[in-house]
Every structure is written in structure tokens, then in C-alpha cells.
2 protein chains.
Amino acid sequence: MSILIKDSIIVTQNVSNEIIRGDIYIEDNKIVEIGKINIEADFVIRNRIVIPGLINMHTHLPMTLLRGYGDDLPLEEWLTTRIWPIEAKLKAEHIAIGTKLAFMEMVRSGTTCCNDMYFFEDVIANEAKKFGIRCYAGFSLIDFDTPEMKRECLPSECENFIKKWKNDELVEPVVAPHSTYACSPETLQKAKEIAEKYNCFIHIHCSETRYEVYDVLNKYGKRPLQQIKDNGLLTEKTMLAHCGWITKEEVKEIALANACVIHNPVSNMKLATGGYTPLPELMEANAIITLGTDGAASNNKLDMFETMKFTALIHKHHRWDASIVKAQEVLDMATVNPAGFLELNAGCIEEGKLADIVCIDYKAPNLTPLHNVISHLVYAMDAHNVSDVIINGKLILHERKFLNIDEEKVYEEAEKAKEDLLSE
Amino acid sequence: MSILIKDSIIVTQNVSNEIIRGDIYIEDNKIVEIGKINIEADFVIRNRIVIPGLINMHTHLPMTLLRGYGDDLPLEEWLTTRIWPIEAKLKAEHIAIGTKLAFMEMVRSGTTCCNDMYFFEDVIANEAKKFGIRCYAGFSLIDFDTPEMKRECLPSECENFIKKWKNDELVEPVVAPHSTYACSPETLQKAKEIAEKYNCFIHIHCSETRYEVYDVLNKYGKRPLQQIKDNGLLTEKTMLAHCGWITKEEVKEIALANACVIHNPVSNMKLATGGYTPLPELMEANAIITLGTDGAASNNKLDMFETMKFTALIHKHHRWDASIVKAQEVLDMATVNPAGFLELNAGCIEEGKLADIVCIDYKAPNLTPLHNVISHLVYAMDAHNVSDVIINGKLILHERKFLNIDEEKVYEEAEKAKEDLLSE
């Protein structure tokens with residue numbers, strides 16, 4: 001497939017943060033040329049703001065099926081009376097439809113790559129491949145039986161999962177020990193062993209709630225990050241979701257290890273986890289900061305534009321300082337920062353990069369007039385300003401329509417899956 | 001014009017918060033019938049979530065022209081180096097185009113009524129009438145010359161403005177003394193006199209920033225709310241924008257006076273004004289709470305769905321309590337609360353009410369599956385899920401297109417106005 005994007009405003013996100021007016025030519029899965037281009041192509045797109053595809057670094061994709069099922073409840077009640085009873089009923093077919101729905105929502109709102117962690121991760125990986133989206137697929141290790149299998153099967157199945165997906169073009173297998181409160185030291189060490197053996201990324205929840213910090217402190221005499229470190233999991237391959245209750249010392253530890261922080265402001269605020277992922281301190285320490293939506297049950301969207309706005313605003317508000325986190329810095333957290341950490345040849349628009357690209361139709365009331373493109377991306381976007389999405393050189397969304405998906409059918413199947421999960 | 005909405009989920013927002021499946025028939029400017037209806041109509045709309053139009057209670061409409069012009073700056077620097085120098089250049093033609101753009105953005109995101117405060121308010125009122133949107137138009141009284149006229153002309157021109165618009169079907173003139181820091185006691189008293197004479201609503205900024213509170217305290221020996229009260233402006237016709245820095249005593253005063261609080265969380269957070277409009281205390285005191293976006297220069301959108309989500313989340317987060325402000329309560333703040341305060345025969349969907357109605361196309365990834373309509377409205381909506389908007393019985397937006405506006409022309413004119421304002 002070849003695609004020509006003409007007469008557009010290109011937010012390159014290259015090292016100089018250049019914004020250029022011009023054309024982009026894409027062939028196979030790469031950006032071949034940027035400039036003034038006259039060439040035939042299978043698809044021609046015109047007059048757009050063009051940005052690198054956004055990277056959503058913390059998702060539980062199939063939880064779209066639980067969107068709006070139990071809001072406004074205290075965390076404990078939400079988990080025990082709503083989420084866990086339904087999750088226990090999950091079967092592979094539910095996972096498949098919930099995941100497809102999540103991909104649609106993410107692509108619709110400009111996301112081209114996600115970093116997931118859930119059960120039935122092989123089903124999720126299969127859906128990603130079918131859909132054509134880039135997916136870091138985290139196989140969960142946890143000290144409970146999952147809806148998919150007995151706990152004792154998890155490590156060996158994790159290895160099988162990694163072997164199956166290790167060289168896929170779109171799916172990258174990730175080892176995902178759930179957290180220090182749901183994994184014993186033995187499980188954490190097993191995760192480390194597997195991750196090292198196959199050179200995998202590690203995805204783990206860390207200090208999401210104050211309760212969690214004190215729970216782990218009581219059980220093991222140390223805070224979650226120390227527990228992660230002492231079990232060999234604080235490495236330059238480690239992605240730490242949340243970090244809402246980390247200390248200044250822990251900020252330094254994370255930066256020193258070149259681990260990656262995933263900030264999920266919308267989910268944290270909605271679940272009232274308290275605390276503030278200390279963005280200014282993490283930035284000061286040159287830590288790698290990225291963003292995620294978390295699952296749709298606690299967000300309740302998978303919209304990275306919204307997440308970028310919440311990120312900027314919550315920290316300005318908290319520090320009484322409108323300049324503390326700037327639009328450009330937030331956009332970096334959703335593009336170049338995660339791409340750099342993941343060693344993904346994307347996250348910016350340059351010749352030779354993977355063609356993971358989002359086109360925005362800026363002839364819209366909320367994007368007019370155009371004083372500052374970066375400001376619009378972070379503060380003024382609606383998901384539906386996105387018109388076209390290209391992943392790995394393939395046009396997935398064109399003029400706001402999915403090229404290869406029967407949308408109505410997905411909505412019907414998702415409703416059916418919901419009914420099925422709610423029935424006795 | 002007659003409109004029939006068929007086979008829809010109707011969020012009535014009536015006293016029992018009923019959600020019913022059925023049809024709505026609209027004729028002239030009223031909701032004639034709700035139920036199972038078979039009748040011919042000029043327009044038929046099918047299979048929607050139908051809600052009362054949202055009411056945006058604090059806007060500075062023409063500031064759309066300054067959207068994204070100076071973000072991430074401390075408030076003082078933002079005002080003195082960005083906003084005020086541009087505002088000084090504003091002419092009637094800029095106001096007209098900026099206002100039209102604001103109406104498009106608001107309608108596109110489900111707003112059918114706004115409460116504005118700016119300069120050139122007669123131009124704004126004219127645009128509202130032409131556009132067909134309901135507008136409470138606040139004529140600003142302030143102790144400076146405005147871009148429109150000398151300060152000494154303001155009171156008499158305010159009276160002329162009120163006389164001109166007093167009996168309009170869509171526009172309601174409002175007296176808008178800017179604030180206690182920009183209005184002397186004499187100006188506040190003049191505002192009171194005019195508002196009483198013509199039985200007008202009063203719209204005033206109150207305790208937006210900590211600086212403002214101490215500034216007024218230093219100058220007059222009392223806090224802004226006391227200054228408002230002592231000058232006769234704390235009445236059941238008074239709308240207090242922001243209230244981010246009010247005390248528990250002031251909460252009681254406001255509730256006792258039956259005045260209305262307008263909470264603007266997005267703008268407050270973006271400008272880093274600090275403080276928290278004390279929603280739980282205001283709710284406890286049975287105060288009238290409503291929501292606004294503020295101007296597009298500080299938001300940078302005019303999207304009430306986004307404002308509802310921010311409202312719920314900021315207070316959950318601040319109080320470490322996911323149940324402290326619930327979706328239904330937030331939806332009320334954008335519909336029945338302001339309608340009740342304004343004595344507007346709208347804000348809910350009942351026979352005999354004004355037909356200010358928004359239709360939402362819920363066949364969308366972000367609104368699937370449908371566990372809970374109210375949750376979706378507050379936590380999962382995108383502006384562009386709105387498909388049709390009816391104001392005063394007229395269909396303004398149909399299948400996501402404006403029926404009587406050349407959209408491209410507005411965008412072009414807005415860009416031209418921007419260029420004009422930026423040129424020397």
C-alpha cells in the first residue's frame with residue numbers, strides 16, 4: 001500500500017520539534033519521503049494536521065465491556081461488587097469482542113500503539129494482529145487463578161506466549177507481573193527470570209493507591225518500588241504503571257534505573273486514588289515519563305487526547321503554576337518518550353521511520369483559529385477531529401470510517417457480550 | 001417546524017430522573033408529546049439518546065479568537081502580555097465572527113443555552129438571534145474604558161441594551177459588573193440599581209484567584225463575597241462565577257441568598273488558580289450549583305461534556321472519595337439546576353417544555369456497551385457523538401451538519417480575524 005499526504009501541517013516531533021508544511025509519502029510500512037512530493041499513490045489525503053500516532057502505555061483492553069458498570073463507588077466496593085464478579089465470568093469470546101471495541105475506540109482517537117496487561121493475552125494479541133494495530137501484549141503473572149487458567153500454569157504459558165509472538169511485526173510479548181500486592185517475591189522473581197531469558201519488557205502496577213503502599217509495607221517491610229527492585233525487576237525494560245504514591249527518593253531510583261513511568265491521571269482521579277504522580281520531580285530527574293488511559297472501566301474512555309489534557313491540567317492546578325507542565329512536554333509523553341523507551345522506530349515523523357501516523361481535520365470549530373498547533377493537540381482536540389489513521393503503513397481509518405471493519409456488527413456483539421456477562 | 005424523534009432513550013431529567021424509551025413530538029418551540037407517537041413531521045430523527053440541551057453558565061464567547069494564543073503562562077503574564085493587548089484591538093466585526101464560531105462549537109458539543117459576559121454585548125446578542133441559540137447576554141460594567149466605549153458611557157448604554165433586548169424570545173439581557181477588583185463600590189451599586197430597575201439577572205466573577213481575594217481584602221477590608229453582599233448584589237438573581245476561594249461561611253451565605261454558583265473547573269485548572277470550588281459543602285448547603293467552560297482562551301474548548309467529566313473527577317480526586325460527586329448530580333448542574341435558577345422553561349424533557357434538545361448517536365465505540373446512560377453522558381462522551389441539536393423547537397444541527405451555516409466561510413473569516421488582531 002502507498003499513501004500520499006499532501007499540503008499538510010506536519011508535527012514531526014523530531015529532535016528540534018519542527019513543524020513543517022509539506023507532503024509525506026508512505027510505502028510498505030515506512031515513511032519514504034517528506035517534502036514537496038508529486039507521485040501516484042493508492043490513497044491521497046489532503047490538508048491535515050499530521051502527527052505521530054499516540055502511544056497508550058497502560059490498558060486493560062477487554063474492560064471496555066465494563067465501561068460504566070459501577071461508577072462513583074469507593075475502590076474496594078467497585079472491585080469486589082462490580083469488577084471481580086464479572087471478570088470471573090470472562091471467556092475468550094468476550095475478550096475478543098471487548099478488545100476489538102477497544103482498538104476501534106483507540107484508533108478513532110488517534111492511538112496507533114498500546115501497552116496492554118490482562119488475561120487471555122493470546123486472544124488479545126490475535127485480535128491486534130487481525131486489526132492491524134501495534135500492541136505490546138502483557139501476559140499477566142498473578143498469585144490467583146485467572147478466568148483463563150490455574151495460577152500454576154501461568155509461568156509456562158507465559159513462556160509459550162512469548163515464543164509464539166516474539167518475532168511478530170505488530171505484537172510484542174511483554175511479561176506482566178501484576179503488582180507487589182498480588183505477586184509474591186517468588187512470582188516476581190519468576191517474572192524476572194522469564195523477562196531476562198527472552199529479553200522482554202516488564203509491565204507492573206506500582207504504588208497506585210496509598211492502601212497498596214501500606215499493605216506491601218506491612219507484608220514485606222518495604223514499599224512497592226523497593227520490593228520491585230529487590231526482586232530484580234527495576235530495570236531499563238521496566239514499565240511502572242501509576243506511581244501516584246512514590247517518594248522523592250523513589251523518583252531518583254526510577255530515573256537512575258532508566259525505567260519508565262506510566263501516568264494515568266484520568267483513571268486515578270476517577271477512582272479517587274489520591275496522590276499525585278510527581279511529574280515535575282520526575283521531569284527534573286530526567287525520568288522517562290509516558291501516559292496511559294488505564295482500562296475503560298475506570299476512565300471511562302481510551303482517549304489519549306483527553307489524557308493529555310488531564311495530565312497538563314492536574315499538575316498546573318496542584319502546583320498553582322500554569323507553566324509547570326507544558327503542552328509540548330505532554331505531547332512528548334504520548335509520542336517520543338514511549339517510542340524511545342520501547343526502542344520502537346516510531347513516535348516521530350521522519351524519513352525511514354515506521355508509518356504510524358494520525359491525520360487531523362482541523363477545519364472544525366474547536367480547532368479554529370490556528371494560533372498554535374501543539375496547544376490545539378493537547379488542549380482543544382476532540383477525538384473525532386481525527387480523520388485518518390495509518391499503522392505500520394496501512395490505512396486503518398479513512399475519512400472517519402474503518403476500512404475493514406463492520407462497525408455495526410461490533411456494537412451488536414459487544415452488547416450481546418455485556419448481556420451474557422450480566423446474566424446468571 | 002415540526003420534529004419527531006423516534007425509538008430513542010429519553011433522559012428526561014424530570015423530578016424522578018426517569019429514563020424512558022419512546023418518541024418525542026415537537027411543534028413550534030415546544031415539546032408537545034412524549035410517548036408512542038405516529039404522526040407526520042418535517043424532520044424525523046431515530047435511535048438516539050435524547051437529553052435536555054446543556055446550559056453553559058459562564059462564557060466570554062468572542063475569546064474563541066484567542067484559543068491557544070498564550071498557554072502555559074502564569075496568569076499575570078498571560079493577561080498582560082497576551083490577552084489584554086489583543087483585546088484592546090477588538091472591533092465589532094471580530095466579535096461577530098468569534099461569537100459565531102463559539103456558537104458552532106457549543107452546539108456541536110450539545111449546548112443550547114449560554115450565559116455570556118463580554119464587551120460589544122449587543123453584537124453578541126444579535127449573533128445569538130441570527131444563529132438561533134438561547135443566550136443570556138451580560139453587559140459588562142467595569143472601571144476601565146472597554147474596546148467598545150468609554151467607561152462613563154457604560155451604565156446608560158447598559159440600560160439601552162436591556163430595553164432593546166428585554167422581551168426577546170432567545171436573548172435575555174443580564175447586568176454584568178465584572179468583579180469586586182475591577183468595579184468600585186459605586187459601580188457595583190449602579191449595577192444593582194439597573195438590575196433592580198429592569199428585574200435583570202446579575203453575572204459577576206467572585207473569588208476566582210487567591211490573589212483577587214487578598215487584593216479586595218486589602219483595598220476594602222473585606223472579601224469579594226462580602227463586598228458583593230454589602231453593595232446589594234447578593235440576591236436570588238445573582239450568578240457568581242468561579243467561587244474557587246470561598247470559605248465555609250461564604251458557602252452558607254450563598255445558599256441562604258439563593259444565589260447561583262458557576263463552577264469552571266477546566267479554566268481554573270488550566271490557569272492554575274488553585275483552590276477548589278467547595279462542591280460537597282455547597283451541595284450539603286443546598287446551594288444552586290451550575291457549570292461553565294469560561295472563555296476558549298483559558299479552557300481551550302467550550303465543551304460542556306468535557307466540563308462535566310472534569311467536575312466529577314477533580315472533586316473525587318481532591319477528597320479521595322469516588323462517591324463524593326456522582327454522575328447524576330453533575331448532569332443536573334448542566335441542565336435542571338441552571339434552568340431552575342434562570343426560571344427557564346427547559347432543562348428537562350417534559351410535555352409543555354421549550355424544545356431545547358440534544359440527540360446523541362450512541363452507535364460509537366466510546367459509548368458501547370450501554371450499561372448506564374448517565375455514566376456515559378458524564379464520563380464517556382465525545383462532543384461529536386452529538387448528531388442533532390434543537391433549540392427553541394428549531395433544528396440547528398442535523399446529522400452533524402449545521403442547517404443554515406456555511407461552515408467553511410466561518411473558519412476562513414475567523415482565521416482572517418486572527419491575522420487582523422495579530423498584525424500591528
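Okay, let's start at the axis: of the residues in chain B, His384(B) comes closest to the rotation axis, with its C-alpha at 3.0 Å. What rotation superposes chain B on chain A? It's 180°, with 0.0 Å of shift along the axis and an RMSD of 0.0 Å; the fit is least squares on C-alpha atoms of residues with pLDDT of at least 70 in both copies. The two copies are thus related as by a two-fold rotation axis.

Quick housekeeping. This is a predicted model, where local features need pLDDT of at least 70 and side-chain atom pairs count only at pLDDT 80 or more, while totals for chains, interfaces and linings use all residues. Residues are numbered from 1 along each chain as its sequence is written, and chains are lettered from A and ligands numbered from 1 in the order in which they are written.

Now the contact between the chains. It takes 50 residues from chain B and 50 from chain A, with contact meaning C-beta atoms, placed from the backbone, within 7 Å. On the chain B side, helix 15 (407-422) is one of the elements giving two or more residues, and that helix supplies the largest share, 5 residues. (Helices are DSSP runs of H or I, at least four residues, strands are runs of E, at least two, and both are numbered from the N terminus.) The chain B side divides into 23 nonpolar, 12 polar and 15 charged; Ala, Val, Leu, Ile, Met, Phe, Trp, Tyr, Cys and Pro count as nonpolar, Asp, Glu, Lys and Arg as charged, and the others, Gly among them, as polar. And 100% of the interface residues of chain B are also interface residues in chain A, so the copies meet through the same surface.

On to the sheet in chain B. Eight strands form an open, parallel sheet in the order 6-7-8-9-10-11-12-13, pairing meaning that DSSP finds at least two bridges between two strands. Strand 6 (54-59) and strand 13 (288-291) are the edges, each pairing on one side only. Inside the sheet, 6 bridges join strand 7 (111-118) to strand 8 (134-141), and Met117(B) has Gly138(B) as its bridge partner.

Last bit: domains in chain A. The assignment, automatic or from a database, gives domain 1 (2-52 + 349-402) and domain 2 (55-341). Their C-alpha centres lie 28 Å apart, and their contact takes 20 residues from domain 1 and 23 from domain 2. On the domain 1 side, helix 14 (373-380) of chain A is among the contributors and gives the largest share, 5 residues.

Conventions
Two residues are in contact if their C-beta atoms, placed from the backbone, lie within 7 Å.
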